[in-house]
Amino acid sequence: MFIILIVLFIVALFILTACVKIVPQANSYVIERLGSYLDTWGTGVHFLMPFTDRIAKKVSLKEQVADFPPQPVITKDNVTMRIDSVVFFVITEPKLYAYGIVNPLAAIENLTATTLRNIIGDLDLDQTLTSREIINTKMREVLDKATDPWGIKVTRVELKNIIPPDAIQAAMEKQMKAERERRESILKAEGEKKSTILVAEGKKAAAILDAEAEKQTAILRAEAEKRRQIEEAEGRAEAIRLVQDATAQGIKMLKEAGADEAVLKLKSLEAFEKAADGRATKLIVPTELASVTGLVQSIAETAQMAKYEAKE
């Protein structure tokens, strides 16, 4: 009896230990009692009734990724290509996930393939290659709505690869090469055009600067010539004024010395002689010199007086 009691105790302890369950973080357990749904356990310690309760499904609440193989699709312009997609989803309702559908991942894969075919069928080849964001958005909306009854929320859908046929790939490469060559030619022509424009603008600027320099040089020369002429005119005027002042001073001195009319006539002759030194073209003879004899005599006397003064 003692041995039987020990065995029963060990069995009871084992059963009791097996009934204590710990649900880890970001997980959820679906519990059934006698084959019917009982409860959904969250994170923490839980006690399972022996023999009647069982864990029907362990569900991870983390975001999951499903990478599906390439699916053949046909575009609007009858081009067959293969597209593989990646679906990101998270389980929001463990009960619906456990009882809503038999194989959720297979259902998502098939739903993704059919949705992708429907969307690509309304687009041509060029739109398919350039509208990945639009395709991703449409697929996410359709899949998210379709998976709500399964307790699944689709958070993101991405087209991983778009693989067109080999002939289409070769044509696209040729087209891309031609487009690059065209851009190269355009860039080269634009560069030559800009270079020509810059050279022309440089020549124009140089010509303008040369013209401005010549203009400034001509202005400076004209101003210098003008100043020179003004200085010469001022010099001649000053010389004339000095001569006039000297003449006036001499006449004044002669008058103060009491010179008679003969002396005045003699000085007039001297002035007449200087005026007639060959530079003047016109001579004005005073009326007082009408007598040639008086003029000759006056000149002779003047010459004798000049010689006498030179000897002294």
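Here a student and a tutor talk through how features of this predicted model get their labels.

Tutor: Ground rules before we start: this is a predicted model, where local features need pLDDT of at least 70 and side-chain atom pairs count only at pLDDT 80 or more, while totals for chains, interfaces and linings use all residues. Residues are numbered from 1 along each chain as its sequence is written, and side-chain values use heavy atoms, with hydrogens and water left out.

Student: Okay. How many helices and strands does the protein have?

Tutor: Eight helices and nine strands. Both are DSSP runs numbered from the N terminus: helices are H or I with at least four residues, strands are E with at least two.

Student: What makes Lys-160 and Asp-67 a salt bridge?

Tutor: A salt bridge needs a side-chain nitrogen of Lys or Arg within 4 Å of a carboxyl oxygen of Asp or Glu. In this pair the closest N and O atoms are 3.0 Å apart, so the pair meets the cut-off of 4 Å. Lys-160 sits in strand E9 (residues 152-163) and Asp-67 in strand E6 (residues 64-67), so the bridge ties together parts that are 93 residues apart in sequence.

Student: Why are both of those residues called partly exposed?

Tutor: Buried means under 20% relative accessible area, exposed means over 50%, and partly exposed is in between (1.4 Å probe, protein chains only). Lys-160 comes out at 41% and Asp-67 at 44%, so both get the middle label.

Student: How many salt bridges does the structure hold?

Tutor: Ten. Another one joins Glu-158 and Arg-156, at 2.8 Å from N to O. Glu-158 has 26% relative accessibility, so it counts as partly exposed.

Student: And what about Arg-183 and Glu-179, how far apart are they in helix H6?

Tutor: They are four residues apart in H6 (residues 166-256), so about one helical turn separates them. Their side chains meet in a salt bridge at 3.3 Å, N to O. Arg-183 counts as exposed at 53%, whereas Glu-179 is partly exposed at 27%. There is a network too: salt bridges with shared partners join Glu-225, Arg-228, Glu-232 and Arg-236.

Student: Why is H3 called oblique to H5?

Tutor: Two packed helices are described by the angle between their axes and the distance between the axes. Helix H3 (residues 104-120) packs against helix H5 (residues 132-147) at about 135°, with the axes 10 Å apart. Those axes are lines fitted to C-alpha atoms, for helices over the stretch in contact, and the angles run from 0 to 180 degrees between N-to-C directions. Under 35 degrees is roughly parallel, over 145 roughly antiparallel, 65 to 115 roughly perpendicular, and the rest oblique. An angle of about 135° falls in none of the named ranges, so H3 is oblique to H5.

Student: Which residues of H3 and H5 meet?

Tutor: From H3, they include Ile-108, Leu-111 and Leu-116, and from H5, they include Ile-135, Met-139 and Val-142. Contact here means heavy atoms within 4.5 Å. By class, the contact has ten nonpolar, three polar and one charged residues. The sorting rule is that Ala, Val, Leu, Ile, Met, Phe, Trp, Tyr, Cys and Pro are nonpolar, Asp, Glu, Lys and Arg are charged, and the others, Gly among them, are polar.

Student: How do you know that Ser-28 is buried?

Tutor: Its relative accessibility is 4%, so Ser-28 counts as buried. Ser-28 is in strand E2, and beyond its neighbours within four places in sequence, its contacts include Thr-40, Trp-41 and Pro-94. Its C-alpha atom is 6.0 Å from that of Lys-58, a residue 30 places away along the chain.

Student: What share of the 312 residues counts as buried?

Tutor: 20% of them.

Student: What is notable about the phi of Ala-26?

Tutor: Most residues other than glycine have a negative phi. Ala-26 has a positive one, about 60°, although it is not a glycine. Ala-26 lies in the loop between strand E1 (20-23) and strand E2 (27-33), and at 22% it is partly exposed.

Student: And Asn-78, buried or exposed?

Tutor: Exposed, at 66% relative accessibility. Asn-78 also has a positive phi, near 60°, and lies in the loop between strand E7 (71-74) and strand E8 (80-91).
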